[in-house]
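Thanks for making time this morning. I will go through one model, starting with a single residue and working outward.

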Amino acid sequence: MRTALVLLFLLALAAVPGALLPQRSLNAGKVDEYIAARPILGPIFDRLELFDVFASFWFTAVYVLLMVSLVGCLIPRLREHLRAVRSAPVPVPRNLSRLPHHHQGLLPEPTDQALDRVLDLLRGWRLTTRTEPGPVQAVSAEKGYLREAGNLVFHFSLVGLLVAVATGRLFGYEGSVIVIADGGPGLCNTSPAVYDSFRAGAATDGTGLEPFCLKVEDFSADYLDNGQAEMFTSTLSYQTGTDIGTDRWQRYQVRVNEPLRLGDERVYLTGHGYAPRFTVTFPDGQQRTETLQFAPEDATTFLSSGAMRFDPPGGTYPDPDERRRNQIAIEGLFAPTAAFNGTLLTSVFPDLRDPAVAVDIYKGDTGLDTGIPQSIFSLNAEMINQGRLVKQARVNLRPGEHTTLADGTTVRFDGAEEFAYLQVSHDPAQNWVLVFAITMMGGLVASLVIKRRRIWVRLRPAGGGTAVELGGLARTDHAGWGPEFTDICRRLDPGASPAAKEDR
């Protein structure tokens, strides 16, 4: 048990870096930023797996050793408890006066009747009656076996909980995705490709996902006067089973810590932001409209930054090279409640009260067909530095306002939609985690409330009556065993004044 306690402490200590450092499973971008900002420590921490603490070899080693240690100490305790349950209560000690609780008295009835009274009084206790020389009747009674049983249930449930959590990590997955809250197409859980980030368990390859579809109908946030968020609520429409592919949708309101549960899947609302909408009208009159999320730069006012890229519609520029040279790109800031200091845009409140954007508009090759990965929140700086993407204008726009470029292209800001950041978690062992958590609490309560105690009674003939002597012993004397012993003595001998000594 000492080894198990040491390993439990080491497990808690090993989890500290997971709370202090960004974890790759939660936010890979933050990990990259941390490493880039600390070119010496960052790579060292990465080699030590401090950015993947809960999947690291050393955390797993402590975890497994703790389980082995717990099982190693619980099996002998279980055997000992079963042996104690099967065995009879120990015989009456020779000198009962040396026990922590002791009482001597005289009963008016004969020994046989006194014995019947004792047995009736101790109904519900585990009893053994013996005859000693004299003739003397000796009664051994014991109660509280469930205390050790509760202790064992608690520790075996802890092992079960660890196994269930490990199973969930092996066979589960987590996917995160941003969905515009406009009742649009949403997503269907068919492939890891539908997620912005996806983490599969070690025994999961990302195939065979439980199918369901959902879309975000709306999103609302409640704010205090100082701009602090009070509650986020999003209405989801979802399809499962035979409803998929039909026009039958069910609705559910998701709140923070109130996920949508679909079998073993849980859909959490973990964040939100804004997605500005722009319409680009090319010189021939054809239009492109796009709504794309911007990344919040300020968590208090939700001043956000982002970028958009527009490829001319088919037929506007028949020549592929000319079409590539006439792509439109937008990069800048979005404010849900705008305030201008001259031409400098900022936001003063996180709610969508007075939206505005401050953007740079570029024309040229955005690199959409180069095959080089790009951030959706910023333009490729190399394209700008090489002159392949040229700035055409810098403007501040409110909803409905537009600007016209030199070639007649117009860029209009149409407003913004809110987006919901959803996390889909699949854990096939989540029900077992709940079961073991409940049994852990039940076992803990039983081990704290139930008292293991023993009573010994010796009855000797004394004239026409019976001399009675009682002794009591319990490991948890200070938890209320003394008053219980006193009550038993007084019910047997109304004039009793039992003596009690402090347990040592």
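Is Arg 261 buried or exposed? At 52% relative accessibility, Arg 261 counts as exposed, because the cut-off for that word is over 50%. Before going further, I should say that this is a predicted model, and the values I quote are computed from it.

Arg 261 belongs to strand E10. Setting aside residues up to four places away in sequence, Arg 261 touches Arg 266 and Gln 430. For a sense of distance, take Gly 72: its C-alpha atom is separated from that of Arg 261 by 37 Å, and the two residues are 189 apart along the chain.

Just ahead of that strand there is a backbone point to look at. Asn 257 is found in the loop between strand E9, residues 250-255, and strand E10, residues 260-262. The phi of Asn 257 is near 65 degrees, which is a positive value in a residue other than glycine. As background, most residues other than glycine have a negative phi. Asn 257 is exposed, with a relative accessible area of 69%.

Phe 302 also has a positive phi, about 60 degrees, and is not a glycine either. Phe 302 lies in the loop between strand E13, residues 295-296, and strand E14, residues 304-310. Is Phe 302 buried or exposed? Its relative accessibility is 9%, so Phe 302 counts as buried.

Phe 302 brings us to the aromatic residues. One aromatic cluster is formed by Tyr 274, Phe 278, Phe 302, Phe 334 and Phe 413. How many aromatic pairs does the structure hold? There are 12 of them. One to look at is Phe 45 with Phe 51, an edge-to-face pair with 6.4 Å centre to centre and 65 degrees between the planes. Phe 45 counts as buried at 19% relative accessibility, because the limit for buried is under 20%. Phe 51 counts as buried too, at 0%.

Another pair is Phe 219 with Phe 232. The ring centres of Phe 219 and Phe 232 are 5.8 Å apart and the planes stand at 35 degrees, so this pair is tilted. The two rings connect distant parts of the chain, with Phe 219 in strand E7, residues 212-223, and Phe 232 in strand E8, residues 229-240, 13 residues apart. Both Phe 219 and Phe 232 are buried.

Two rings have a charge over them. The charged end of Arg 38 sits over the ring of Tyr 34, at 3.9 Å from the ring centre. The charged end of Arg 453 sits over the ring of Trp 125, and there the distance to the centre is 5.5 Å.

Now the nonpolar core. Which residues have the most contacts inside the largest nonpolar core? They are Val 267, Phe 278, Ile 328 and Leu 422, in a core of 45 residues. Phe 278 we have already met, in the aromatic cluster. For Val 267, leaving aside neighbours within four places in sequence, the contacts include Phe 212, Leu 214, Leu 236, Val 254, Pro 259 and Leu 260. Further along the chain, Val 267 is also in contact with Leu 422, Gln 423 and Val 424.

On to the cysteines. The structure holds one disulfide, which joins Cys 188 to Cys 213 with an S to S distance of 2.0 Å. The angle about the S-S bond is 105 degrees, and the link of Cys 188 and Cys 213 is right-handed. This bond also ties together distant parts of the chain: Cys 188 is in strand E5, residues 187-188, and Cys 213 is in strand E7, 25 residues away. The two ends differ in exposure, since Cys 188 is partly exposed at 29%, whereas Cys 213 is buried at 6%. Elsewhere, Cys 73 counts as buried at 14% relative accessibility, and Cys 489 counts as buried at 0%.

Last, the record. The unreviewed UniProt entry carries the annotation "transmembrane region" for residues 55-76, 152-171 and 432-450. In the model, residues 55-76 are 91% helix and 0% strand, and the end C-alpha atoms lie 31 Å apart. Residues 152-171 are 100% helix and 0% strand, with end C-alpha atoms 28 Å apart.

That is what I have, and I will take questions now.

Methods
Residues numbered from 1 in each chain as written. Predicted model: local features only at pLDDT ≥ 70, side-chain atom pairs only at ≥ 80, totals over all residues. Heavy atoms only, no water. Core = buried A, V, L, I, M, F, W, Y, C linked by side-chain atoms within 4.5 Å. Buried < 20%, exposed > 50% of the residue type's maximum accessible area, 1.4 Å probe, protein only. Contact = heavy atoms within 4.5 Å. Phe/Tyr/Trp six-rings, centres within 6.5 Å; stacked < 30°, edge-to-face > 60°. Helix = DSSP H or I, 4+ residues; strand = E, 2+ residues; numbered from the N terminus. Lys NZ or Arg CZ within 6 Å of the ring centre and 35° of its normal. Disulfide = S-S within 2.5 Å. UniProt positions renumbered as here; feature names shortened; annotations may be inferred.
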